[in-house]
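Welcome, and please open your viewer. This tour goes from one cysteine to the next, with a short stop at each.

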Amino acid sequence: MNIRNKHLMIVAMMAVIVVFLGINGCKKSDNAGAKSGAAHASSIELCTDCGHIKGSELCCKPDQVKCESCSLVKGSPGCCNIPKDAETAAICTHCGQIKGSELCCKPDQVKCEGCGLVKGSPGCCKLPKQES
């Protein structure tokens, strides 16, 4: 195969790749985990047994101090924020409030300078940093 044919073959393969990407696009993962650094989920699940982020190092770790009011781990994002009968709970990654609550993504809430979520929200300075 001469050099001209090799160049034509390379150009043809590049054209096929460009057409393929043009049709399918470059998609980001929709099911990224909290620590993955890929596309960030719109909410992060909380453990209803302890109140910490599900699957985190602190999730259901023994010998943590329990809150007297809610019996979840004191200081966890879910502490006094998850109803006792809840089967699931999540924090909204856009605002830091409990997903689906009255305060979730409510406009004009003061943002934390450290994390960018609503100041004093359950997720304020407790969620993994989002990578841009």
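## A tour of the cysteines

Begin by selecting Cys-125, which sits in the segment after E2. Keep in mind as you look around that this is a predicted model. Check the backbone here: Cys-125 is not a glycine, yet its phi is positive, at about 60 degrees. Most residues other than glycine have a negative phi. Turn on the surface and you will find Cys-125 exposed, with 53% relative accessibility.

Next, select Cys-105. Where is Cys-105 placed? Look in the segment after strand E2 (89–92). Cys-105 is another stop for backbone angles, with a phi near 55 degrees, a positive value in a residue other than glycine. On the surface, Cys-105 counts as partly exposed, at 44% relative accessibility.

Now show the sulfur atoms. How many disulfides does the structure hold? The count is 0. Go to Cys-67, which is in no disulfide; its nearest cysteine sulfur belongs to Cys-80 and is 3.6 Å away. A disulfide needs the two sulfur atoms within 2.5 Å, so this pair does not count as one. Is Cys-67 buried or exposed? Cys-67 is buried, with a relative accessible area of 11%.

For the last stop, select Cys-124 together with Cys-112. Cys-124 is in no disulfide either, and the sulfur of Cys-112, the nearest cysteine sulfur to it, is 3.8 Å away. With the surface on, you will see that Cys-124 is buried, at a relative accessible area of 14%.

Key:
Residues numbered from 1 in each chain as written. Predicted model: local features only at pLDDT ≥ 70, side-chain atom pairs only at ≥ 80, totals over all residues. Heavy atoms only, no water. Buried < 20%, exposed > 50% of the residue type's maximum accessible area, 1.4 Å probe, protein only. Helix = DSSP H or I, 4+ residues; strand = E, 2+ residues; numbered from the N terminus.
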